[in-house]
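Dear colleague,

Please find below the structure that I agreed to pass on to you. My findings follow it, with attention to the internal cavities.

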Amino acid sequence: MPASSNSHSERATLALRTLAEKDPCFASLTLFCHHRDRDEELAPAWTDGKTVFYGKAFEDWKQPQQVAVCAHEIMHVAFGHIPRGKRLRQRFGHRYRPKLFNITTDAIINETLRESGYRVPREGVFLCELLQAVFGEKAASQDALSKWTAESLYVLIDACTDAIELSIAKQCSCTGGKSGTPQGAGDSEGGSVPDSDGGEDPGDSDASVQEAGDANDQICETCGQPKLLTAVSATYHYATSKGHQDDLDATAAAEPLSPEEEQAEAEWQERTQRAFAAGQAAGRGIGKLGHTLADLPKSTTPWETILRTTVRKAVSRKRMITYSKPTRRWLAMDADAIARGLRQPAFEPGLNSERSAPRVTVGVDVSGSISDVLLEKFAAEIVAIGKRTGAEIHVLVFDTRVLSHTKMEHGNWHNQITEVEFARGGGTDFHDVLQQADALKPSIIVVLTDLYGPMGEAPRSAPVLWACPNLDAPEPKFGKVLQLTS
């Protein structure tokens, strides 16, 4: 069950509450993020891909800008920009530029938020401005958002080695402010806050910047930067002129991509698709742009794989402490103490695997909203889970109450699944099926349903995984949702 989004951040409490009330899409996404206050000055707000952090400078913005910044950081998490950046690092190796990827993600997010009516702080970089500044390309906001992903924009900029004329250098006023300082009174319509700093960190330096400047002798009279730059350096120049600060945690982004992170990314993909579907249905907020966003993550992991991985993890036999046998380490220490006439060491209990077979409870909603094709496919997955884990599986067929209870274990799984009665008809109520499932004390409860129906309180014995075929289903009060996309 997701924790309250604003319970751990005093600085962002009001902004997060306003965001959830304003935008149906963020009403659910906000709850699945952790939010913490930090006194480090990495940026006014930043994220490590799991948690959104709010620095002291966050308080310098007015509430409309704070709301936009909260939405911005949540989108970084929901869109999986940290793991996606790690894949780019794997692809490009030492040539990977984390700063450039941060700028491309920020530009797409801010363009999306501005198009949705949010008041993004004036330090924000924007996709259309970036394309104009770097490539001289004029594009409508929705056209750009429907075309560019963070990866495709990154690759385009990184691959362009031709010297180009930086259009923003002609009109910059780089003595106007210090980068990274929030301008509380401003928003995306208030102009930029340029910076005289170079804009390139040591890890993203590009020697061709100076070469282009020397070769063409085109120096901006205002800021002293060369007008002819590579696309990478032109991007940095544009971002620096806006006062941009990196907000993807460099330490987290540098760590290898783990299987757990890939699993969490898949869950976020499903969660985000559902949230955007809710926003589209409401016709307001960021959700109304969902169909135009190329960067909106698409689920690339089959739901069958996610289901098997989740259930397998839940039913893995745990190692339990037992006092009936000591550890090998204790035996060696004890033998050594006896041989040397020393005091016997303190007893160290050993570990035993659980002897009882793991148990999975599967609830199948047969109220009429689940197609026969999907039901057959889901039944095949139940068989696969039993084969791979050796778990004892209890299938509870229900509508407003449990209609049948079939225990499946060992033997011929395919024959056993055909014995389950998948009756049809009736409404849906989760109270009875969850109570009976809870009484079985399983390792996990999996429910195939459209999620329409009263569900009561969360079971105490095991987590719940809702397997749902429709995107516009209501958000459950507890448990995780697995979107069945095919």
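Helix 3 is the leading contributor to the lining of the largest cavity, giving 4 residues. Please bear in mind that this is a predicted model. Helix 3 spans 63-78, and helix 5, at 98-115, likewise supplies at least two residues of that lining. In total, 21 residues line the largest cavity, and those nearest its centre are Trp61, Glu123, Gly124, Gln245 and Asp247. By class, the lining consists of 10 nonpolar, 7 polar and 4 charged residues. The space enclosed is about 280 Å³.

The second largest cavity holds about 70 Å³. Its lining is formed by Phe32, Glu267, Arg271, Arg274, Glu475, Pro476, Gly479, Lys480 and Val481. Here 5 residues are charged, 3 are nonpolar and 1 is polar. Helix 12 gives the most to this lining, with 3 residues. Both helix 12 (259-282) and strand 13 (480-483) supply at least two residues each. The search of the whole structure returned 6 cavities of 30 Å³ or more.

As to the chain overall, 17 helices and 13 strands make up its secondary structure. Of its 486 residues, 53% are buried. Among contacts with a separation of 6 or more, 68% join residues 24 or more positions apart. The exposed area of the chain is about 22200 Å², and 50% of it comes from carbon and sulfur atoms.

With kind regards

How values were computed: Residues numbered from 1 in each chain as written. Predicted model: local features only at pLDDT ≥ 70, side-chain atom pairs only at ≥ 80, totals over all residues. Heavy atoms only, no water. Buried < 20%, exposed > 50% of the residue type's maximum accessible area, 1.4 Å probe, protein only. Contact = heavy atoms within 4.5 Å. Areas by Shrake-Rupley, 256 points an atom, 1.4 Å probe, with all protein chains shown as cover. 1 Å grid on protein atoms, 1.4 Å probe; cavity = no way out; pocket = protein on both sides within 12 Å on 5 of 7 lines; lining within 4 Å. Points joined across faces, edges and corners; volume = space filled by probe spheres on them. Nonpolar A, V, L, I, M, F, W, Y, C, P; charged D, E, K, R; others polar.
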